[in-house]
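Welcome to a short set of exercises on reading a protein structure. Keep the sequence and the 3D view open, try each task yourself, and then follow the worked solution.

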Amino acid sequence: MTELLLVRHGLPVSGIQQPPLAPEGVEQARRLGTWLKGEDVDVLVTSPMRRALETADAVAGEMGREVDAVVDDLREWDTDLPPRAYTAVEEMGPTDPRAIAIAEGRYEDFVPQLDVEAFRRRVSGCLAELFERWPVARIVAVCHGGTINAMVGGVLGIPALFWLNPGYTSVTRLRLMPGGRVVVVSVNETAHLFATRD
């Protein structure tokens, strides 16, 4: 049995392309790394996007280890579109059409140019690749909110692409069972942001 911990990156700086982590995001990642020292992590991988790379590096630093690999298909959906500035959903105003689209479950209006089925296929293939490439007990994969939505939604058969807004550095756990079935163990764990394992 292999457990996959999908970690959303820490809070990034808004308003620029390929943003770094904000100071709060660095602290979130450090807290997660400290928390994960209490688990037996065999492999730590990351998306190639800057906000994920910086999160993975901070997590690895707290754990006293290195990042094992950069996995290109863990990247977010926005890499499949023309470049634009990153804006956190939380920082969109209440009248922003994108925030309204998300609140109303109209994801296709949030990113109308996205080839949703191609994105889902990429993410589904990435999930299979992670389990095949690292048949170990526990993998931590630092990625993105949209990637987590598509990956977990695919396992659960959720028709909407965007159905969850994962917290920054939240952990979502999937398990590959001995018979080959993937099951969801937990979604959006954030205990590390306000507690310790003591």
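**Exercise 1. A glycine in a loop**

In which loop does Gly105 lie? Decide also whether Gly105 is buried, partly exposed or exposed.

*Solution.*
Step 1: Bear in mind that you are looking at a predicted model.
Step 2: Find helices α3 (97–103) and α4 (107–110); Gly105 lies in the loop between them.
Step 3: Look up the relative accessible area of Gly105, which is 49%. Exposed would need over 50% and buried under 20%, so Gly105 counts as partly exposed.
Step 4: For a sense of distance, go to Gly167, which is 62 residues from Gly105 along the chain. The C-alpha atoms of Gly105 and Gly167 are separated by 18 Å.

**Exercise 2. The overall fold**

How many helices and strands does the protein chain have, and in what order do the elements run? Then work out how the radius of gyration compares with the globule rule.

*Solution.*
Step 1: Count the elements: there are six helices and six strands.
Step 2: Walk along from the N terminus and you should read β-α-β-α-β-α-α-α-β-α-β-β.
Step 3: Compare the radius of gyration, 16 Å, with the 16 Å that the globule rule gives for 198 residues. The values are close, so the protein chain is as compact as a globular protein of that length.
Step 4: Add the dimensions: the C-alpha trace spans about 45 × 40 × 25 Å along its principal axes.
Step 5: Check burial, and you will find that 47% of the 198 residues count as buried.
Step 6: Turn to contacts between residues at least 6 apart in sequence; 73% of these join residues at least 24 apart.

**Exercise 3. Building the sheet**

What is the strand order of the open sheet, and which strands are at its edges?

*Solution.*
Step 1: Put the six strands side by side, and the order is β3-β2-β4-β1-β5-β6, with mixed pairing.
Step 2: Look at the two ends of that order: β3 (69–70) and β6 (182–189) are the edge strands, each pairing on one side only.
Step 3: Take β4 and its partners. Strand β2 (residues 43–46) runs parallel to β4 and is joined to it by four bridges, with Leu44 opposite Val140. Strand β1 (residues 2–8) is also parallel to β4, here with six bridges, and Leu6 has Ala141 as its bridge partner.
Step 4: Move across to β5, which pairs with β1 in the antiparallel sense over six bridges. Here Thr2 stands opposite Leu176.

**Exercise 4. Two enclosed strands**

Why can β4 be called largely enclosed by the rest of the structure? Do the reasoning for β1 as well.

*Solution.*
Step 1: Recall a general idea: side chains in a regular strand alternate between the two faces of the sheet.
Step 2: Sort the residues of β4 by side. Arg138, Val140 and Val142 are on one side, Ile139, Ala141 and Cys143 are on the other, and all are buried.
Step 3: Draw the conclusion: six of the six residues of β4 are buried, so the strand is largely enclosed.
Step 4: Sort β1 too. Thr2, Leu4, Leu6 and Arg8 point one way, Glu3, Leu5 and Val7 point the other way, and all are buried. With seven of seven residues buried, β1 is therefore largely enclosed as well.

**Exercise 5. Arg173 and Glu189**

Is Arg173 buried or exposed, and what does Glu189 touch?

*Solution.*
Step 1: Locate Arg173 in strand β5 (residues 171–176). Its relative accessibility is 9%, so Arg173 counts as buried.
Step 2: List contacts of Arg173, leaving aside neighbours within four places in sequence; among them are Glu3, Leu5, Arg138, Val184 and Glu189.
Step 3: Go to Glu189 in strand β6, which is partly exposed with a relative accessible area of 24%.
Step 4: Not counting residues up to four places away in sequence, Glu189 touches Thr169, Ser170, Val171 and Arg173.

Terms used. Residues are numbered from 1 along each chain as its sequence is written. This is a predicted model: local features need pLDDT of at least 70, side-chain atom pairs count only at pLDDT 80 or more; totals for chains, interfaces and linings use all residues. Side-chain values use heavy atoms; hydrogens and water are left out. Buried means under 20% relative accessible area, exposed over 50%, partly exposed in between (1.4 Å probe, protein chains only). Two strands pair if DSSP finds at least two bridges between them. The radius of gyration is taken over C-alpha atoms; the globule rule is 2.2 Å times the number of residues to the power 0.38. Contact means heavy atoms within 4.5 Å.
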